[in-house]
Amino acid sequence: MENGGHKLYEELGELARFVKDTMRTLSEASPQLSSSSVQLPAAAAHLSDLKQMTEDGTLEVMRLTEMIQDGHGQIAKDLSAVIEILRAMDCKSLVERLEKVSSVLLQDDKHLTEIMTALSFQDLVAQRVKKLVAILDEVQGKLVELVVIFGLQQSGNGSTASGTAGDLLKQLEASNTTAMKQQVADDILAQFGFK
């Protein structure tokens, strides 16, 4: 246990150094924070567009596949009727050939069903893209929060022209609970001269 405690102590020390270095780097990187904050909505929009395109494409492929399946169903019924007539007329060779065609149609129908099943990937893609958009929104919120905190520290008085740090952070937090409104982030960044 003593060895584990020593390792934990070293890990905590390393984490503390990392946080200290990160805070120093963040205070030096205020313009880069603004740039990243401006680019995040575009990244989120691209991901949302990607989600919509995969969903639209999947739905179209499924629609067309269903149409082909419906056509195959009708062809199979018609072939079955023709086969029965040919059997009654004792046309063995034609019956055998049409039964082969009917078999191919059944196999195609199985393949079309497999295509429909394989298209279920789109739901997984949509779920993951949604998670990525949520992560980007959260990162953007944190970046704007850092801009507020470091901007107020640099101004030295803890307030801006339109409110205190607490007011700005409350606005930011409120917008996060309703899926961050871009306007709130833009307004806060503009108050610190980043827009």
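Helices here are DSSP runs of H or I, at least four residues long, and they are numbered from the N terminus. With that in hand, this predicted model can be walked through starting at Q69, which sits in helix α2. Q69 counts as buried, because its relative accessible area is 18% and the cut-off for buried is under 20%. Setting aside residues up to four places away in sequence, Q69 touches D109, L112 and T113.

Now for the nonpolar cores. In soluble globular proteins, nonpolar side chains tend to be buried together. In this model, the largest nonpolar core has 6 residues: L79, I83, L86, V95, L98 and L105. Two elements each give two or more residues to this core, namely α2 (30–88) and α3 (92–118). There is also a second, separate core, made of 5 residues, and among them are A44, L47, V133 and L136.

Back in the largest core, L105 is one of the members. Once neighbours within four places in sequence are left out, L105 still has contacts with H72, I75, A76 and L79. Of these partners, L79 is itself listed in that core.

What about nonpolar residues on the surface? L132, I135 and V139 make a nonpolar patch there, with an area of about 240 Å². V139 belongs to helix α4, which covers residues 121–155. Is V139 buried or exposed? Neither label fits: V139 is partly exposed, because its relative accessible area is 36%, and that class lies between the under 20% of buried and the over 50% of exposed.

Note on methods: Residues are numbered from 1 along each chain as its sequence is written. This is a predicted model: local features need pLDDT of at least 70, side-chain atom pairs count only at pLDDT 80 or more; totals for chains, interfaces and linings use all residues. Side-chain values use heavy atoms; hydrogens and water are left out. A nonpolar core is a set of buried Ala, Val, Leu, Ile, Met, Phe, Trp, Tyr and Cys residues joined through side-chain atoms within 4.5 Å. Buried means under 20% relative accessible area, exposed over 50%, partly exposed in between (1.4 Å probe, protein chains only). Contact means heavy atoms within 4.5 Å. Patches are made of residues with over 30% relative accessible area and no salt bridge: like charges are joined within 9 Å, nonpolar side chains (Val, Leu, Ile, Met, Phe, Trp, Tyr) within 5 Å. Accessible areas come from the Shrake-Rupley method with a 1.4 Å probe; for residues, only the protein chains shown count as cover. A salt bridge is a side-chain nitrogen of Lys or Arg within 4 Å of a carboxyl oxygen of Asp or Glu.
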